[in-house]
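Me: Please take a close look at one part of this model, the smaller details of a single chain and its partner included. I would like a connected account rather than a list.

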Amino acid sequence: MMNNILVLPMLLPIIIGVVLIFLRTYGRIQAWISLTAMAVTAGISFYLLYAIQADGIIRLDFGGWEPPFGILFVADSFAVLLVLTSSIVTTICLSYALISTSKELQTMYFYPTVLFLAAGVNGSFLTGDLFNLFVCFEVMLLSSYVLLTLGNSKRQLREAIKYVSINIVSSWFFLVALAFLYGTVGTLNMAHVAERVAEVGQTPLLTTISIVFLVVFSLKAGLLLYFWLPGSYSSPPVVTSALFGALLTKVGVYALFRVFSLIFYHQPEITHTLIGVMAGLTLIGGSLGAIAFNDIRSIAAYNVIIAVGFMLAGLAISTPAAIEGAIYYFIHDMVAKALLFLLVGTMITLSGTSKMAGMSGLMKNYPLLGWSFFITMLSLAGIPPLSGFIGKVLIAGAAIDSGSYLLLALALISSIFVLYSLLRIFKNCFWGETIVSKEEQLPLRRGVLLPCLALVLLTIGIGLGIEGLAPYVATAAETLLDPGIYIDAVLGIIE
Amino acid sequence: MSINDVILKTVSKAVVLIILTFGIYLFLSGHNQPGGGFIGGLVIASAFVLMFLSYDSETVSEALPIDFKKLSAFGVLLAMTSGVVPMFFGEAFLSQSFGYFDLPIFGKTELATVTIFEAGIALTVVGVVVNIILSISEDE
């Protein structure tokens, strides 16, 4: 049983997070320890990715209880790619926190909570059991409630109430859906569910249950049901909103991908069409939101929504190229959204306002910040050498091949809206008359831009080094499209 | 705030003892019969809450100098450690083992590592529940 390493991406953050509770008063030490923990987690997931590529899917049966009876973690390339990316992004966000966060926040259990959030996210990616997925969701959501309310501003409290209530309702729906599913097929092990659904055929009852799941995960992912998202993503402190923007919706999107490619893929004319329609509407709504606001944080939040619509357009099309494109876009979007939120947050700290009208000519005083923002903009819009390009091309190509011209048009038009909304920020805030003179400008705290630069390098690196990533993404897409591989790895020959 | 309710105080002294005993019983019967760390922890926590209700929180905090936040953190740590240890013996994470021992008073007794895991859960539950009640009662 050398598979124990599989539990570490979830276990390590939890243990370190708990230890940090005892070190509450030591802000900087906490920061360094949590940074190291996440970096080690990233290292472990890198190793896992490599091992899966060589030997196929790895699974770990907790306590030696074999599936379908026990709970287990299953690591395929798709899950581990996401674990790896989320660990790297969390590490970088933590380093931003180390440099910029106030002491007050640091001693209020900020770092332990971030680690618990990371544990929940990694656990959700890795688990092979639907009820365990629910638990990991809750670990992640509870941490996000804490992070959202840390910092006691009135706006945060107002948004937190909305966020908490909507999530409690959707978690309840999740439980109801689980109960229905368990009542129908008598198991919650994902591979076992998939096998049984395939055996009996996806009856109308099962399709209905799948639509309940669709509603639940859409609420979490911000697919069409995103009304809660802009407010709660734009009110907390910089690092928190960067983590939220990069990770939280992705877990919902991941769950949609997993459930609708592994379990409920027999009635695509109903479920996948519905996902396609929802993705299209999300793209429209997100695009309108992104150009409608003058608050730069709201614009960033609406960009998250557009990306969700884009990835699920890939799932709706569900050809190999589309799935590969969606996986590339997944990885790209975690990096780019964290970067976008960190940059926007830094701009707000520097200028003291989040309204576009209050900022002008930042480029003169902070050229590095300006050009980082420029690269982020290009990357999000999908300009070639950067990481957003390949995902967009593959999804667009797949849309043409499968004749989904409406989705194609929406996806491409939404990219233009992304570009326009960010270009507006770039033009209004960075160019124009410099309001603040060189003497009066707030000094940029030393090192604050280092994490942002690391992310910029990452987005360039992913774009240029796409060849290195390609075999892993290909394996991930292959596993997603052929549920048999996953089922065999879990239920197949038991040693 | 001080309440001076003699009947409540006297009754709760006796009842707390009963609740604690019941809680520990539930906890120990856990892994084979209905019960376990979670339920046992809840019952034990309710005993603490009753004490906080019938006496004021200063008196109880003096008698029980426990930081409940740290208690719950310690509980998680204990439960996780009991899951990690088997990893060093080449078993899967969270594997449990048990054996029968002859103890002086109890005679032949089953001792299981799952009890350590359950103890961690019980401590976490006690810490979290009491913590929630205390933080609600603190700000008026």
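Reply: Helices, meaning DSSP runs of H or I with at least four residues, and strands, meaning runs of E with at least two, are numbered from the N terminus. Read in those terms, chain B of this predicted model follows the pattern α-α-α-α-β-β-α along its sequence, which comes to 5 helices and 2 strands. The C-alpha atoms of chain B fill a box of roughly 55 × 35 × 25 Å along the principal axes, and buried residues make up 32% of its 140 residues. Of the contacts in chain B between residues at least 6 apart in sequence, 69% join residues that are at least 24 apart. As for confidence, chain B averages a pLDDT of 86, with 96% of the residues scoring at least 70, while the model scores ipTM 0.88 and pTM 0.93.

Turning to the partner, 14 residues of chain B are in contact with 14 residues of chain A, and the residues on the chain B side divide into 8 nonpolar, 3 polar and 3 charged. A:Gly64 gives a local view of these contacts: leaving aside its neighbours within four places in sequence, A:Gly64 is in contact with B:Glu91, B:Ala92 and B:Ser95. This glycine, A:Gly64, lies in the loop between strand S1 (58-61) and strand S2 (72-75) of chain A, and A:Gly64 counts as partly exposed because it has 15 C-beta neighbours inside 10 Å, where a residue with 20 or more would be buried and one with 12 or fewer exposed.

The two strands that flank this loop run antiparallel and are joined by 4 bridges, with A:Ile58 standing opposite A:Ala75 in S2(A). Both faces of S2(A) are covered, since A:Leu72 and A:Val74 on one side and A:Phe73 and A:Ala75 on the other are all buried. In a regular strand the side chains alternate between the two faces of the sheet.

Elsewhere in chain A, helix H20 (residues 466-481) has 16 residues, which at 1.5 Å a residue should span 22 Å, and its end C-alpha atoms, 21 Å apart, agree with that. H20(A) nevertheless bends by about 25 degrees at A:Tyr472, and A:Tyr472 is itself one of the buried residues of the helix, which also include A:Val473, A:Ala476 and A:Leu480. The buried residues of H20(A) pack against several helices of chain A, among them helix H2 (27-55), helix H3 (77-100) and helix H21 (483-491).

Key:
Residues numbered from 1 in each chain as written. Chains lettered and ligands numbered in written order. Predicted model: local features only at pLDDT ≥ 70, side-chain atom pairs only at ≥ 80, totals over all residues. Contact = placed C-beta atoms within 7 Å. Nonpolar A, V, L, I, M, F, W, Y, C, P; charged D, E, K, R; others polar. Expected span 1.5 Å × (residues − 1). Bend = angle between axes of the 7 residues up to and from the residue. pLDDT = per-residue confidence, 0-100. Pairing = 2+ DSSP bridges.
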